[in-house]
Amino acid sequence: MIYEDMGRRLIDTDSGLVDRAIFADQAIYDKEMAEVFEKSWLFVGHESQIPDKGDYFLSQLGREPVVVTRDAKDEVNVLLNICTHRGMPVCRYDRGNAKLFTCPYHGWTFANNGDLTGVPLRAEGYGAQLDRSKWGLIKARVARYYGSIWATFDEAAPSFEDFLGDMAFWLREFMMAPDGEDDGLEVVDGILKCEIPSNWKFGAENAAGDLYHDVSHKSVQRVGLALTKLRGRHTWDADPAKFKLLNITFPAGGHAVRGNLYENPGRDYQSQWAADPEVDAYFRDAHYARQKRLGEKERLLNRGGIVFPNFVYNAANRTSITSWIPRGPSRTEVWKWIFVPKKAPQAVKDAMRNYLLRYTGPAGMVEQDDFENWGSAQVGANSILARRLPMNYQLRLGDHARWAWPERWIGEGALVDEGVSEHAQRIFYDRWAEMMSGTPQAFRQEAAE
Amino acid sequence: MTSEASQNILPADTAVATAPTLKERVEDFLAHEAELLDERRFDAWLDLLDEDIHYWMPLVRNFEHGRPQDEYSRPGVDAAWFDEGKATLRQRIMQLQGGDHWAEEPLSRSTHMVTNLRIVAASDAEITVKCRFLVYVNRREEEVRLFIGKRTDVLRPHGGDFLIRKRSIFLDQSKMLFKNLTTFF
Ligand code: FES
Ligand SMILES: [Fe+2]
């Protein structure tokens, strides 16, 4: 599809071309905040961050500051963290437990479900005329999905289930424990937050399906990170079983997954944590338990993906979630939640936490180099001269992507291709263009029926 | 300088003859350590770390009055910027030394400053030292990072010198204001 705006052609995914201005231009950025971010369901956190009534934490809904609470009725609320009187944030602690939030300016008081419960001078100053029910904190629509919490302020947005579409299978699979048990993860306390000097889309599209940047991670591949006692950075590197590498995309929503599809069902467990026998035993058991639970679908290894626009997850023992929070055309705040299996023995939680802390975030041996890439790509996006050439997303542009292929149970709405390609990024920008232009998607040339 | 003041300066031979205090030795050691990092002599730096070192930099949170225990994430349990032993520090150094770790290729220029040093506990086996640090990092042309915070080190006497047994690094930032942490503290 072609997205034309502001007098120039920005996205042409039929040709695999993307104008560099979409990573740098302030007017495009402002528009994408309104058209893409404000109209999408966005991830704000995980229920294990607020196990008890009254628990809360601060988060971001796109650019908007929110406080996520568990109220007295056990409901999860996502509230705009802005006082309805003069606009002060009413909560200023990263997390805690509170029944009430009292604004430090004039003392308006809000319950943890957002209701305005107290206004000083109410009787004499407002003559009891102030209708408190109209001045509660602005509440987002909230969806909970296997422990993850999502929200949007857009009343007109479709339901979360419709927004997610066939991506649901993968998000659910990610939130499972290694043994395939639903809602099996818990957050490791502490969100890694940092700032990178690049547009939010670089990180997001990379997670959609950039399997092409191995050279970036050469150093960590060389040093070794996986606890298999082998070189490599992924725990699955130790598995000799044959698989197809799939880019599974869901054009309707713009979501995408990277996954291995193993040739044969019932493959044997390959020791992936040999450095620690107790941990290895847990993953061995989990491997076979998952095979039983998932049936045919156990042939899939979920490596990670993206829920459009800015929710990224890493799966397959690197269980983490990243939210790309736009702060300007060339500035992004990165929030990262890391997860371990809820019911695993402490030794397993420790081993995964250690692996993850060395893998992920600004101190992670893998992602340091990713952040470097995106910061550097921004140099090209900001260059007016470089903009004479569009960004090139032509890798394996052609007709080899297939609907629900090679296995229909991957999802009816899945447009899949195999191996290293930029198919998933083309789908990502297709969806972006569709939201920016407000035009329903055209026939997708890549899909050969 | 008045002649009166200059009379108070010890002659050179006296200065050498006076045995350095424990504090002076620790100061010297930490200055030397900082220099190794700034000169990118990472293998020599590793040699100053005890085999059982715990190298830890917690996350920092904005916490509620009266709940100071919420400020730092817990070692060994929570997320952290670093929660490392010697083996993983060695891996990080191997990563730095290959010329293919693009976040540090070319390597940064850094200056580590260690100040406000105070020995808070000392026995034959262990010396606990508190200090403040200021680390300036400049990379490529205009990438500048400034890390300021507090450190608590536990040192172990070793030969005539010390080894670092434990290092806790409290960075004064709740959100990392830079794109990555490729620096040692
Ligand atoms: S701004 Fe919050 S009470 Fe006035
Ligand atoms: Fe990467």
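**Reading the A–B interface and the iron site**

In this predicted model, 30 residue pairs, both at pLDDT 80 or more, are in polar contact across the interface of chain A and chain B.

Q: Which elements of chain A each supply at least two residues of the side that touches chain B?
A: They are β15 (192-196), α6, β21 (331-341), α8 (346-359) and α9.

Q: What makes Arg140(B) and Glu372(A) a salt bridge?
A: The cut-off is 4 Å from a side-chain nitrogen of Lys or Arg to a carboxyl oxygen of Asp or Glu. Here the N to O value is 3.3 Å, so the pair qualifies. Across the interface of chain A and chain B, the rule finds 10 salt bridges.

Q: How do you know how much area chain A and chain B bury between them?
A: Happily, that comes from the accessible area the two parts lose on being put together, summed over both. The result is about 3300 Å², with 48% of it on carbon and sulfur atoms. In terms of contact, 39 residues of chain A meet 40 residues of chain B.

Q: Which residues coordinate the iron ion (ligand 2)?
A: His213(A) and His217(A) each do so through NE2, and Asp370(A) gives two OD donors, at 2.1 to 2.8 Å. The donor spacing in sequence is H-x3-H-x152-D. His217(A), in the loop between α5 (200-209) and α6 (218-223), and Asp370(A), in helix α9 (residues 367-382), are 153 residues apart. Both His217(A) and Asp370(A) are buried.

Q: Why is the site of the iron ion (ligand 2) called irregular?
A: Its four donor atoms make angles of 51 to 151 degrees. Tetrahedral needs all angles between 85 and 135 degrees, and square planar needs opposite donors over 155 degrees apart, so neither name fits.

Key. Residues numbered from 1 in each chain as written. Chains lettered and ligands numbered in written order. Predicted model: local features only at pLDDT ≥ 70, side-chain atom pairs only at ≥ 80, totals over all residues. Heavy atoms only, no water. Donors = N, O, S within 2.8 Å, 3.2 Å for Na, K, Ca; no water. Tetrahedral: all angles 85-135°; square planar, octahedral: opposite > 155°, others 65-115°. Helix = DSSP H or I, 4+ residues; strand = E, 2+ residues; numbered from the N terminus. Buried < 20%, exposed > 50% of the residue type's maximum accessible area, 1.4 Å probe, protein only. Contact = heavy atoms within 4.5 Å. Buried area = accessible area lost by both parts, 1.4 Å probe. Polar contact = N/O pair within 3.5 Å; in protein donor to acceptor, adjacent residues only side chain to side chain.
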